[in-house]
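User: Hi! I've got a protein model open and I'd like to walk through it with a few questions. Can you help me?

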Amino acid sequence: MRYRPLGKTGYSVSEIGFGGWGIGGDIWKGGNDQASLSALHLAIDLGLNFIDTALSYGNGHSERLIGKLVSQRSERIYVATKIPPKNLEWPARKRVRLKEVFPKDHIIACTEMSLMNLGVDRIDLQHLHVWAPNWIDEMEWRETLQQLKREGKIAHFGISINDHEPNSALDVVAADLIDTVQVIYNIFDPNAAFPLFRLCEEKNVGIIVRSPFDEGALTGAITLETHFEPGDWREAYFTPKRRKEIVARVKRLKSLLDEAGANDVGELALRYCLSHPAVSTVVPGMRKTEHVYRNILASKGGTLSSEVLEKMAPHAWPKNFYSSGTRNYVTRMLKKCLSYFKRSTED
């Protein structure tokens, strides 16, 4: 495993991190807690030391599993989590006021709940789970996070950027208001590379890459016959028409495997992300031990040559599968799952 600095935090984190959405359950089907814990422990055994989760992942279930892991290990494990929007809307709507999404009492209540779920005294890295550029002038969010930092409840904080909107974070990064950003970046969507990554390098802001596999499209496992269990959100994401296009595009990517020295498209996808020097860590989901072995192998493979990266550029695919029906479906499911949480923070 190779390690990289996480911006100005002072952390040296594994360049392959553990994405904790899938182990939360709920709208991800087909997993179980024992397999998730086995995957977590194996990842730590193999040198991984950074885990990304969120309070909204399974009503805190992902956090509780990670807390169980942390309590059983002696290694230094860095855990990042996220505060869900109070209005439970992903992504943040443009022009919505901060007080509807991240008021002070909500930020504090969510942080306290995450501390309890994780079983720790301090969260290494706290994120706002959505972001809107107009909030930069409403400083209550930052003042509250700074207060939590002074109280020793969080060490650092950042934002998770809306799907496929990397430029929405340019102003907040330029203003030196955050330590990290979490953003979508993959072969199909390289738009974060410029200008966001360049600005983050200049400001020493850590970059956490999410969705390196485009929710599984870039693993090569999606076929024309792929179906998911009832209630799994990916059934809405991978419609039959989309699966047909994915299969054709992945087939073309396979022509680069030999030149890249990659075993499969999944390894190619991870090494593509790691080839940008601004990236601190990439956090693919890993619900099974075989996922852990496969993903961590990508760190051993190293970065891709400039020649291979140049040949990958035409494989960019401007799209947003999260929009419209898919996002509405996921939001409905998350609202249903988190209704108890919203009530508890308002009491």
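User: Where is Glu 15 found?

Analyst: Keep in mind that this is a predicted model. Strand E2 covers residues 12–14, and Glu 15 belongs to the stretch that links E2 to E3. That puts Glu 15 in the loop between strand E2 and E3.

User: Is Glu 15 buried or exposed?

Analyst: Let's check its relative accessibility, which is 3%. Buried means under 20%. Because 3% falls in that range, Glu 15 counts as buried.

User: Which side chain makes a polar contact with the side chain of Glu 15?

Analyst: Glu 15 touches quite a list of residues, including Met 1, Arg 4, Leu 274 and Val 282. For the polar contact between side chains, the distance is 2.9 Å. The partner there is Arg 4.

User: What is the strand order in the open sheet of 8 strands?

Analyst: The pairing in this sheet is parallel. Its edge strands, each pairing on one side only, are E3 (18–19) and E10 (281–282). Going across, the order is E3-E4-E5-E6-E7-E8-E9-E10.

User: In E10, which residue is the bridge partner of Val 209?

Analyst: Strand E9 spans residues 206–210, and E9 pairs with E10 in the parallel sense over 2 bridges. Val 209 has its bridge partner in E10, and that partner is Val 282.

User: At about what angle does helix H4 run to E5?

Analyst: Helix H4 takes in residues 104–118. H4 lies across two strands, E5 (78–83) and E6 (125–128). Relative to E5, H4 runs at about 140°.

User: How many residues does the largest nonpolar core have?

Analyst: Among the residues with the most contacts inside this core are Trp 135, Trp 141 and Phe 197. Helix H11 (residues 265–274) supplies the largest share, 7 residues. Apart from it there's another core of 10 residues, among them Tyr 11 and Phe 50. The largest core has 100 residues.

User: Is Glu 259 buried, partly exposed or exposed?

Analyst: Glu 259 sits in helix H10 (residues 257–260). Its relative accessibility is 43%. Buried is under 20% and exposed is over 50%, with partly exposed in between. So Glu 259 counts as partly exposed.

User: Which side chain does a polar contact of 2.8 Å join to that of Glu 259?

Analyst: Leaving out residues up to four places away in sequence, Glu 259 touches Glu 307, Val 308 and Lys 311. The polar contact of 2.8 Å is with the side chain of Lys 311.

Notes. Residues numbered from 1 in each chain as written. Predicted model: local features only at pLDDT ≥ 70, side-chain atom pairs only at ≥ 80, totals over all residues. Heavy atoms only, no water. Core = buried A, V, L, I, M, F, W, Y, C linked by side-chain atoms within 4.5 Å. Buried < 20%, exposed > 50% of the residue type's maximum accessible area, 1.4 Å probe, protein only. Helix = DSSP H or I, 4+ residues; strand = E, 2+ residues; numbered from the N terminus. Contact = heavy atoms within 4.5 Å. Polar contact = N/O pair within 3.5 Å; in protein donor to acceptor, adjacent residues only side chain to side chain. Pairing = 2+ DSSP bridges. Axes fitted to C-alpha atoms, helices over the stretch in contact; angles between N-to-C directions.
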